[in-house]
Amino acid sequence: MDKNMLAGLEGLPEQDKARMASMIDHLQLRDSLRMYNSLVERCFNDCVDNFTRKTLQKQEETCIMRCAEKFLKHSMRVGMRFAELNSQAATQE
């Protein structure tokens, strides 16, 4: 975890800092799993429509790869934009 996330907690006892760090780690893991589950569900629903085979057909596989790539690029862009806005807000204070 980024130590800057705990920068506002200097006055807390070490035990409370550790508890906060653990909670932040838990929340980050939960958010990552939600994003992954959302990606899987969305791409599966958009791309897989034939259940006559055990394996994906070529067009389904291509669709899933494109879908996942778009989803991850979008998520990265949103994260970068959020970081930019957060940085601007920090410099304005």
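Here are two short exercises on the disulfides and the aromatic pair of this structure.

This is a predicted model, where local features need pLDDT of at least 70, side-chain atom pairs count only at pLDDT 80 or more, and totals for chains, interfaces and linings use all residues. Residues are numbered from 1 along each chain as its sequence is written, and side-chain values use heavy atoms, leaving out hydrogens and water.

**Exercise 1.** Find which cysteines form the two disulfides.

*Solution.*
- Step 1: A disulfide is a pair of cysteine sulfur atoms within 2.5 Å.
- Step 2: Cys-43 and Cys-67 fit, with sulfur atoms 2.1 Å apart. This pair links distant parts of the chain, with Cys-43 in helix α1 (residues 14-47) and Cys-67 in helix α2, 24 residues apart; helices are DSSP runs (H or I, at least four residues), numbered from the N terminus.
- Step 3: Cys-47 and Cys-63 also fit, with sulfur atoms 2.0 Å apart. The torsion about their S-S bond is about -65°, so this disulfide is left-handed.
- Step 4: Counting bonded cysteines along the chain, the pattern is 1-4, 2-3.

**Exercise 2.** Describe how the rings of Phe-44 and Phe-51 are arranged.

*Solution.*
- Step 1: Rings of Phe, Tyr and Trp (its six-membered ring) pair if their centres lie within 6.5 Å; planes under 30 degrees apart count as stacked, over 60 as edge-to-face and the rest as tilted.
- Step 2: The structure holds one aromatic pair. The centres of Phe-44 and Phe-51 are 6.0 Å apart and their planes stand at 45°, so the pair is tilted.

Conventions:
Helix = DSSP H or I, 4+ residues; strand = E, 2+ residues; numbered from the N terminus.
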